[in-house]
Amino acid sequence: DKEETPVVSAPVVTTPVKPAEPAIKYCRVKTITGKPLTLRKSASTKATPLANMPNNSTLIYKGEVKGTWVYGSNKWACVVYKGKTGYCTATRVKKI
């Protein structure tokens, strides 16, 4: 008679899968007058200016928040311009 070898089941080890990074989204400054748009530290017209972004500048779009009302809207875009992250009125940026 042969002895049966017992079957030992090892615990299943699962490696967590890191979610894929979201695709980078870009937008452009689109001002009515062609003047630069101000990048600010927070979503307020009273916030510290960080940079002036010329019309047609390409920005990295990170999302939208509510802030002070400007140009008939309280939506502000969180964007990155030349390595600086800040906020500008969402009515003056167009996603590309």
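Colleague: Which strand holds Asn 74?

Modeller: Asn 74 lies in strand S5, residues 73-81. The model is a predicted one.

Colleague: Why is Asn 74 called buried?

Modeller: Its relative accessible area is 18%. Buried means under 20%, so Asn 74 counts as buried.

Colleague: What does Asn 74 touch, leaving aside its neighbours within four places in sequence?

Modeller: Asn 74 is in contact with Val 65, Lys 66, Gly 67, Thr 68 and Trp 69.

Colleague: Now Ile 96. Why does Ile 96 count as exposed?

Modeller: Ile 96 has 58% relative accessibility. The cut-off for exposed is over 50%, so Ile 96 counts as exposed. Ile 96 sits in the segment after strand S7 (93-95).

Colleague: Which residues form a nonpolar patch with Ile 96?

Modeller: Ile 24 and Tyr 26 join Ile 96 in that surface patch. Together the three have about 320 Å² of accessible area. Patch members need over 30% relative accessible area, and Ile 96 has 58%.

Colleague: What makes you say that a charge sits over the ring of Tyr 71?

Modeller: The charged end of Arg 92 is 3.9 Å from the centre of that ring. The distance limit is within 6 Å, and the charge must also lie within 35 degrees of the ring normal. Arg 92 is listed as sitting over the ring of Tyr 71.

Colleague: How many aromatic pairs are there?

Modeller: The count is 0. A pair needs ring centres within 6.5 Å.

Colleague: And the chain as a whole: how many helices and strands?

Modeller: The protein chain has 0 helices and 7 strands. Buried residues make up 31% of its 96 residues.

Key: Residues are numbered from 1 along each chain as its sequence is written. This is a predicted model: local features need pLDDT of at least 70, side-chain atom pairs count only at pLDDT 80 or more; totals for chains, interfaces and linings use all residues. Side-chain values use heavy atoms; hydrogens and water are left out. Patches are made of residues with over 30% relative accessible area and no salt bridge: like charges are joined within 9 Å, nonpolar side chains (Val, Leu, Ile, Met, Phe, Trp, Tyr) within 5 Å. Accessible areas come from the Shrake-Rupley method with a 1.4 Å probe; for residues, only the protein chains shown count as cover. A salt bridge is a side-chain nitrogen of Lys or Arg within 4 Å of a carboxyl oxygen of Asp or Glu. Helices (H or I, at least four residues) and strands (E, at least two) are DSSP runs, numbered from the N terminus. Buried means under 20% relative accessible area, exposed over 50%, partly exposed in between (1.4 Å probe, protein chains only). Rings of Phe, Tyr and Trp (its six-membered ring) pair if their centres lie within 6.5 Å; planes under 30 degrees apart count as stacked, over 60 as edge-to-face and the rest as tilted. Contact means heavy atoms within 4.5 Å.
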